[in-house]
Amino acid sequence: MKTYMNRAIRKVAVVGSGVMGSRIAAHFAGIGVEVLLLDIIPRELTEAEKAKGITEETPAWRNKIVNDALNAMLKSKPSAVYHSGVAKLITTGNIEDDLHEISECDWVLEAVIERLDIKQQVFEKIEQHRKPGTLITTNTSGIPIHMMSEGRSEDFRKHFCGTHFFNPPRYLRLLEIIPAPDTKQEIIDFLMEYGDRHLGKTMVLCKDTPAFIANRVGVFGFMAVFHAMQELGLSIDETDSLTGTIMGRPKSATFRTGDVVGLDTLVHVAKALPQNVPNDEAKDIFKIPAFIEKMIENKWLGDKTGQGFYKKTKDDKGKTEILTLNPETMDYTPKQKVRFATIETAKPLDELQMRLKALYAGQDKAGEFYRMFHHMLFAYASNRIPEIADELYKIDDALKAGFGWEIGAFESWDTLGVKKVIEAMKAAGNEPAKWVTDMLEAGNNTFYITENGERKYYDIESKSYKVLPAAKSFIILEHLNDKVVWENSACKLYDIGDDVVALRWNTKMNSIGGEVLAGVQKAVSIAEERYKGLVLANAGPNFSAGANVGLIFMFAVEQEYDELDMAIRQFQNTTMRLRHSNVPVVMAPHGLTLGGACEMCLHADAVQASAESYIGLVELGVGLIPSGGGTKEMVVRASDRNIKEDIELNYLQQLFINIGTAKVGTSAHEAYELSYMRKGYDGISINPDRRIGDAKQRVLQMYEQGYTQPVMRHNIKVQGKSGLGPLMAGIHGMWRGNYISDYDRLIAEKLAHVMCGGDLSHPTLVSEHYLLDLEREAFLSLCGQKKTLERLQSILQTGKPLRN
């Protein structure tokens with residue numbers, strides 16, 4: 001039940017256009033909200049500006065800081081925006097001339113420099129123009145919220161709180177809400193709901209304590225790594241090899257992350273914490289190592305200064321080389337090749353939980369590191385309750401969404417065994433909080449449990465398990481093992497309520513092989529027999545990297561063309577089964593959705609994608625063409641658009657280029673532009689945790705509207721030689737200009753042949769099966785090519801296709 005009145009957010013003012021302010025503005029604009037972005041005017045004219053006749057009254061000069069910041073944000077990599085149209089919704093100005101315009105805004109968000117006195121000055125100016133009743137929040141990483149609202153009016157104080165975004169806001173999903181003493185409860189409730197549904201954030205309600213939750217524990221995590229590294233005599237290269245994806249952390253691990261964030265930022269937070277929390281039992285861990293102090297002195301702050309823990313340089317031949325800092329000598333040396341027996345044991349294990357157990361049990365220096373680090377982390381996290389949070393899940397949520405951890409501190413502890421680890425912790429001198437021991441003595445052996453399909457956490461105050469708030473709002477398939485309707489070795493079909501089922505598969509990179517295809521077909525059959533519809537969704541970082549390349553390579557290299565033909569037919573039959581089911585089928589992709597996974601999306605009744613979905617037909621990159629119906633479906637979309645808008649060739653040519661260059665959308669919004677998704681029909685879930693629930697609602701909507709099974713198409717307009725000619729001319733021009741190789745030319749010609757319907761003398765209406773046959777024929781002919789085998793082998797060995 002809602003505890004707040006409806007509040008429309010039509011326009012937001014962001015005051016402060018630095019790295020955070022400009023990216024927060026972009027995030028609001030990305031969801032369709034109009035944004036006013038303001039900053040200060042420059043201090044003085046440069047001599048060059050004076051020579052050009054620019055004065056202090058020149059509007060462009062007065063807005064130079066904000067406009068430069070906006071342009072830098074738009075050019076940043078990875079992109080801070082979902083699509084190019086975002087900039088149109090952002091209006092820039094300066095605080096001196098344009099602050100009065102915030103009176104038209106529903107939310108004013110301050111994001112200026114992290115200095116209390118400056119923030120207070122800005123708030124004083126804001127209050128002169130702010131419309132009473134509108135939201136006013138501050139983006140701060142640690143300044144006490146209660147100090148910022150002192151001296152402000154009652155209305156200001158009631159509508160004021162902290163909103164701590166993490167950089168970059170598009171990719172790091174955490175938004176911490178920190179109420180001030182007088183913040184109205186309905187404002188807190190509104191922000192928690194709005195941040196979840198509209199901004200796509202993992203919302204964590206924090207206490208007004210130093211560094212709040214994520215930075216308090218996350219920065220401790222960094223410092224614990226530094227401590228363990230020095231204690232065990234590990235190098236920077238060794239430490240980063242231990243603290244990256246192998247243990248469920250970002251690929252940038254510890255030191256590369258430090259270079260990206262900026263060493264000065266990390267040190268500022270680490271130094272401030274012991275000062276602000278003098279009684280912290282782990283304050284000695286926050287002591288900055290001598291080599292890092294020296295780096296600060298040398299201004300080796302990371303990417304912003306050109307060198308930090310790592311340094312990019314060029315060798316004698318002009319080739320880029322990454323050098324690593326030696327903390328002992330403070331010299332940069334070539335990166336080391338690192339080998340640990342523990343890492344070699346854990347690498348083959350796909351499941352993170354299994355890897356963590358192997359890492360923790362390691363008998364070499366790597367194993368020592370993992371035990372030392374986790375013991376420090378578990379002790380520190382448990383002792384922060386109830387200081388920074390009353391509920392343990394908030395710490396896990398903050399670490400995962402704010403620091404990119406795949407698994408939280410208490411989730412990791414559960415995985416390793418709470419009771420077993422406590423004994424080792426105490427032996428090593430790491431004392432956990434008393435409430436953990438009390439939990440175990442009461443017979444509660446884990447921090448989380450799953451009962452009746454609901455994920456629950458251990459509540460310290462009541463000494464019982466309570467349902468996680470997220471369990472009530474989100475559908476998380478891996479928590480529904482008691483709702484499994486059917487399964488095989490790769491797939492599970494879950495009953496997600498209201499007579500809807502959802503299929504999930506779990507393979508390496510969620511690749512699609514025979515067992516997955518069989519599972520999809522079985523899921524459709526079961527849904528047709530007993531349910532209203534079907535959702536296809538996966539867990540993990542990515543929806544699916546596409547078809548099983550290893551299987552294709554094996555058949556091709558052994559020249560098992562009958563087997564290969566059968567495999568392609570099975571894939572085509574599966575996508576057509578999705579298309580022509582008699583119940584609605586909705587795909588819910590996220591992350592990488594490539595090749596065959598994209599083809600499945602093209603054949604579903606609807607797609608409900610996470611905003612961070614990277615969808616594309618990439619088969620040309622490995623020397624093949626889409627043959628699971630993807631090429632056919634692009635022709636269908638071109639045909640349908642031609643009928644409606646009488647566009648003959650332009651659209652088809654654009655689709656040909658998209659497939660021919662293996663274009664992948666950098667967001668679900670870009671998937672619209674590439675025609676992998678359909679505007680007005682396929683949907684986007686800004687919060688990826690909501691995509692399965694949103695997909696389920698889409699299924700029910702289609703069912704209630706009287707879903708009718710699509711008929712087999714026999715009216716697909718193909719262009720024949722009238723379309724083939726222009727495409728072949730373009731391919732020839734690219735080849736003659738040495739933009740593509742001989743082999744790329746062959747693949748492109750095969751693709752053009754299929755997309756134009758073959759050697760037909762004039763535009764003709766054909767069937768879906770006619771185009772599927774052309775697809776399959778072209779695919780098989782390419783599989784017999786030596787260059788294709790080389791590319792397939794390259795991607796199996798390196799993950800990247802070999803370019804010829």
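Reader: Where is Ser 675 found along the chain?
Author: Helices and strands are DSSP runs (H or I over at least four residues for a helix, E over at least two for a strand), numbered from the N terminus. In those terms, Ser 675 is found in the loop between α29 (668-673) and β23.

Reader: Before we go on, what kind of model is this, and from which number are its residues counted?
Author: This is a predicted model, where local features need pLDDT of at least 70 and side-chain atom pairs count only at pLDDT 80 or more, while totals for chains, interfaces and linings use all residues. Side-chain values use heavy atoms, with hydrogens and water left out, and residues are numbered along each chain, as its sequence is written, from 1.

Reader: Is Ser 675 buried or exposed?
Author: Buried means under 20% relative accessible area, exposed over 50%, and partly exposed in between (1.4 Å probe, protein chains only). Because its relative accessibility is 9%, Ser 675 counts as buried.

Reader: What is the phi of Ser 675?
Author: Most residues other than glycine have a negative phi. Ser 675 is not a glycine, yet its phi is positive, near 70°.

Reader: Which other residue has a positive phi although it is not a glycine?
Author: Look in the loop between β10 (320-326) and β11 (331-334), the place of Met 330. With a relative accessibility of 16%, Met 330 counts as buried. The positive phi, about 60°, belongs to Met 330.

Reader: Where is His 590, and which side chain does it make a polar contact with?
Author: His 590 sits in the loop between β19 and β20 (591-594), and its 8% relative accessibility is why it counts as buried. A polar contact is a pair of N or O atoms within 3.5 Å; within protein, one must be able to donate a hydrogen and the other to accept it, and residues adjacent in sequence count only if both atoms are side-chain atoms. The His 590 side chain reaches the backbone oxygen of Gly 540 at 2.7 Å. At 3.1 Å, its side-chain partner is Arg 691.

Reader: Which helix holds Arg 691, and how far does that helix reach?
Author: Arg 691 is among the buried residues of α30, including also Ile 692, Val 699 and Leu 700. Helix α30 (residues 691-704) has 14 residues, and the span expected for it is 1.5 Å times one less than that number. From first C-alpha to last, α30 comes close to the expected 20 Å, reaching 20 Å.

Reader: Which helix gives the largest share of the largest nonpolar core?
Author: A nonpolar core is a set of buried Ala, Val, Leu, Ile, Met, Phe, Trp, Tyr and Cys residues joined through side-chain atoms within 4.5 Å. The largest one has 116 residues, and among those touching the most other members are Trp 413 and Trp 435. Its largest share, twelve residues (214-232 being the range of the helix), comes from α10.

Reader: In the open sheet of three strands, what is the strand order?
Author: Two strands pair if DSSP finds at least two bridges between them. Here β12 and β13 (residues 454-459) run antiparallel, joined by four bridges, and the edge strands, each pairing on one side only, are β12 (448-451) and β14 (464-467). The order is β12-β13-β14.

Reader: Which proline follows Asn 167 through a cis peptide bond?
Author: Most peptide bonds are trans. The bond from Asn 167 is cis, with omega near 0°, and it leads to Pro 168.
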